Amino acid sequence: MHNMSFPNPFRSTSNSGDQSNENPSPYVPLIDAGRDPTRAPAKSRRRPSRVVVLLLAGLLAVALLLAVALNYKGNGDEDSATNRPENKMPSVARGVEEGVSAKSFIPLLGSAKYSWTNKMLDWQRTAYHFQPKKNWMNGPLFYKGWYHFFYQYNPYGAVWGNIVWGHAVSRDLIHWRHLPIAMVPDHWYDINGVWTGSATILPDGQLVMLYTGSTNESVQVQNLAYPADPSDSLLTNWIKYSGNPVLVPPPGIHYKDFRDPTTAWLTPEGKWRITIGSKVNKTGISLVYDTTDFKSYELLDGVLHGVAGTGMWECVDFYPVSKIKENGLDTSEHGQDVKHVLKTSLDDDRNDYYALGTYDSSTAKWTPDNPIIDVGIGLRYDYGIFYASKTFYDQEKNRRVLWGWIKEMDSENTDIQKGWSSVQAIPRTILLDKKTGSNLVLWPVEEVEKLRFKKKVFDKVEAKAGEVVPLEVGSVTQLDIVVEFEVDQNALDSIDGANTTYSCNANGGAAERGALGPFGLLVLTDNDLTEQTPIYFYISKDAEGNFKTFFCADQSRSSKAPDVDKGIYGSTVPVLKGEKLSMRILVDHSIVETFAQGGRTCITSRIYPTTAVGEDARLFLFNNATDAGITASLQIWQMSSAYVQ
């Protein structure tokens with residue numbers, strides 16, 4: 001081993017566009033002058049691993065959002081991106097005027113435009129996440145042996161607009177084959193866009209699709225479609241019902257506030273029931289309809305649920321979870337051993353919220369278990385860049401699978417330059433947390449593990465307070481990392497508690513030192529640690545001796561580019577007595593998906609490094625606590641690329 005000298009990795013970097021200005025953060029104590037903040041790379045124990053390509057089948061709900069690009073093909077030029085066309089950036093995010101949530105990121109006013117090279121932009125494209133070859137993109141279902149993904153797609157550019165339904169199929173939710181466009185806006189009732197929808201498979205195997213269309217007058221209506229040939233397992237051709245639209249906004253609902261029908265569930269009376277997102281003033285609501293044939297509908301009195309102050313509810317989802325079984329449930333399941341999840345995507349802040357509760361089929365009403373953490377004001381699927389999600393029931397593997405959209409957080413000009421925009425998160429299974437009973441656990445589908453190879457194991461790597469430890473794993477661009485942490489028990493016991501508050505995004509991120517944190521990993525970090533993305537835990541202790549654990553992702557130093565998002569994301573994570581702190585991190589170029597304590601809290605990061613790219617990126621263990629040492633045990637796999645053609 002040999003000592004490696006690095007500058008303080010937790011200094012602040014300027015966001016003004018002056019890339020040479022790196023003043024120390026005013027609240028970041030320097031690491032003790034007499035001690036080297038880093039040390040030689042930790043030794044790993046290597047175990048052989050092999051790559052297995054497996055495929056499974058199906059998907060069930062539909063539509064979200066993704067983007068594809070201009071007909072650009074990279075020329076390998078590493079020094080200039082001037083050959084890629086630019087557009088003037090709009091002052092209002094795309095989608096807002098059309099009556100949907102914002103679909104683009106608007107950098108801070110006055111932010112300088114970063115000069116990206118083709119090499120940087122090409123590196124950002126993911127290797128094992130689903131995305132189109134080009135342009136802008138983002139629903140799911142399993143049918144006759146295939147997983148189907150229908151997604152909102154712009155075939156003409158890498159920005160939101162001209163929305164049609166893209167279509168891809170897979171045997172395993174990881175490797176994908178693109179099929180021809182499934183549906184286009186070709187009738188008055190959807191001429192301004194074929195938007196989000198959901199699929200329902202009937203007991204006799206029939207498949208029906210409800211989707212939102214934007215009419216020639218921009219009225220949001222619900223339409224019915226079905227396969228032209230039900231025996232075609234690839235579902236390549238669709239027929240739109242001649243009586244469309246089947247639903248229009250009811251009295252009292254604004255014509256641009258009526259969208260995203262759910263998968264239908266069967267009532268005890270033998271009717272099919274759906275819910276649709278909307279709002280009344282600033283109260284987000286979910287309207288409820290019954291049908292027997294998916295062509296005519298009855299609007300039920302009241303709403304499934306509503307929460308004041310939450311605004312428009314998009315992409316509402318409603319499904320059961322078992323209190324006793326470790327598998328997913330069909331959407332129509334009900335009974336004493338079932339809780340129901342109500343989820344919405346909030347138009348106002350573009351985050352996905354959920355709550356657990358009780359559903360009364362006789363009244364078509366849902367009641368939250370805990371009103372303090374009701375829908376839109378409490379728990380989220382993911383505390384990072386994750387929106388417009390949908391679940392489907394995978395009848396092949398008896399699991400409920402979640403799809404979520406990861407939007408771009410750079411400028412629209414940059415998206416146009418690189419020729420594509422948006423990515424789908426790795427599909428996640430959803431279960432009720434049987435240990436807490438008060439939250440869900442989300443976890444990457446098991447099929448993604450078939451991409452693992454070249455495993456490295458690091459046993460009980462110590463990091464003293466203020467220390468950074470390099471982890472030599474080779475390339476860090478495509479990784480699956482599983483890590484457990486142990487915190488010095490003497491420090492936990494001896495440190496005096498205080499009635500102070502902590503928040504991931506309000507306390508300086510990984511630069512803010514406390515007695516018991518932050519500590520974790522620095523992913524996609526350059527050699528001198530000036531560009532880095534810390535994923536970390538922070539433990540607080542109150543005056544009564546109670547501990548609270550936070551799980552955070554700090555993007556404030558993830559890029560030297562001034563016109564990208566540099567937020568700090570995260571929340572608390574439940575840690576039960578006797579549990580070690582654990583996290584799993586999926587790194588795929590510019591996407592970092594993280595899962596704490598088995599998926600109780602998740603964070604998706606969208607980052608745009610300029611120097612921590614390719615062979616110039618590294619991985620580090622860090623401990624920026626002031627009083628506590630930590631020990632980390634890690635398993636790290638390289639990840640193969642998925643087949644997406």
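This is a guided tour of a predicted model, with selections to make in the viewer at each stop.

**The largest pocket**

Start by selecting Thr-549, Pro-574, Val-575, Leu-576 and Leu-581. The largest pocket has a volume of about 730 Å³, and these five are the closest to its centre among the 30 residues that line it. Next, colour strand 29 (478–487), helix 3 (489–494), strand 32 (547–554) and strand 33 (568–572); these are the elements that give two or more residues to the lining. Colouring the lining by class shows 14 nonpolar, eight polar and eight charged residues.

**Arg-557, between two of those strands**

Stay with strand 32 and strand 33, and select Arg-557 in the loop between them. Is Arg-557 buried or exposed? Arg-557 is buried, because its relative accessibility is 5% and buried means under 20%. Show the side chains of Asp-554 and Ser-556 as well. The side chain of Arg-557 makes a polar contact of 2.9 Å with that of Asp-554, and another of 3.3 Å with the side chain of Ser-556.

**Aromatic pairs**

Now display the rings of Phe, Tyr and Trp. The structure holds 30 aromatic pairs. Select Phe-130 and Phe-149: their rings are edge-to-face, with 5.2 Å from centre to centre and 85° between the planes. Phe-130 is buried, at a relative accessible area of 3%, and Phe-149 is also buried, at 0%.

Move to Phe-519 and Phe-537, a tilted pair with 6.2 Å between the centres and 45° between the planes. The two residues are 18 apart in the chain, and the pair links distant parts of it: Phe-519 belongs to strand 30 (residues 519–525) and Phe-537 to strand 31 (residues 533–541). Phe-519 has a relative accessible area of 1% and is buried; Phe-537 counts as buried too, with 0% relative accessibility.

**The ring cluster**

Go back to Phe-130 and Phe-149 and add Tyr-151, Tyr-153, Trp-176 and Trp-403 to the selection. Which residues do ring pairs link into a cluster here? The cluster is made of Phe-130, Phe-149, Tyr-151, Tyr-153, Trp-176 and Trp-403.

**Arginines over tryptophan rings**

For the last stop, select Trp-146 together with Arg-171. Arg-171 lies over the face of Trp-146, 3.7 Å from the ring centre. Then select Trp-637 and Arg-452: here Arg-452 lies over the ring face, at 3.6 Å from the centre of the Trp-637 ring.

Methods. Residues are numbered from 1 along each chain as its sequence is written. This is a predicted model: local features need pLDDT of at least 70, side-chain atom pairs count only at pLDDT 80 or more; totals for chains, interfaces and linings use all residues. Side-chain values use heavy atoms; hydrogens and water are left out. On a 1 Å grid over the protein atoms alone, a cavity is a set of points where a 1.4 Å probe fits but cannot get out, and a pocket is an open set with protein on both sides within 12 Å along at least five of seven lines; lining residues have an atom within 4 Å of a point. Grid points are joined across faces, edges and corners, and a volume is the space filled by probe spheres set on the points. Helices (H or I, at least four residues) and strands (E, at least two) are DSSP runs, numbered from the N terminus. Ala, Val, Leu, Ile, Met, Phe, Trp, Tyr, Cys and Pro count as nonpolar, Asp, Glu, Lys and Arg as charged, and the others, Gly among them, as polar. Rings of Phe, Tyr and Trp (its six-membered ring) pair if their centres lie within 6.5 Å; planes under 30 degrees apart count as stacked, over 60 as edge-to-face and the rest as tilted. Buried means under 20% relative accessible area, exposed over 50%, partly exposed in between (1.4 Å probe, protein chains only). A charge sits over a ring if NZ of Lys or CZ of Arg is within 6 Å of the ring centre and within 35 degrees of the ring normal. A polar contact is a pair of N or O atoms within 3.5 Å; within protein, one must be able to donate a hydrogen and the other to accept it, and residues adjacent in sequence count only if both atoms are side-chain atoms.
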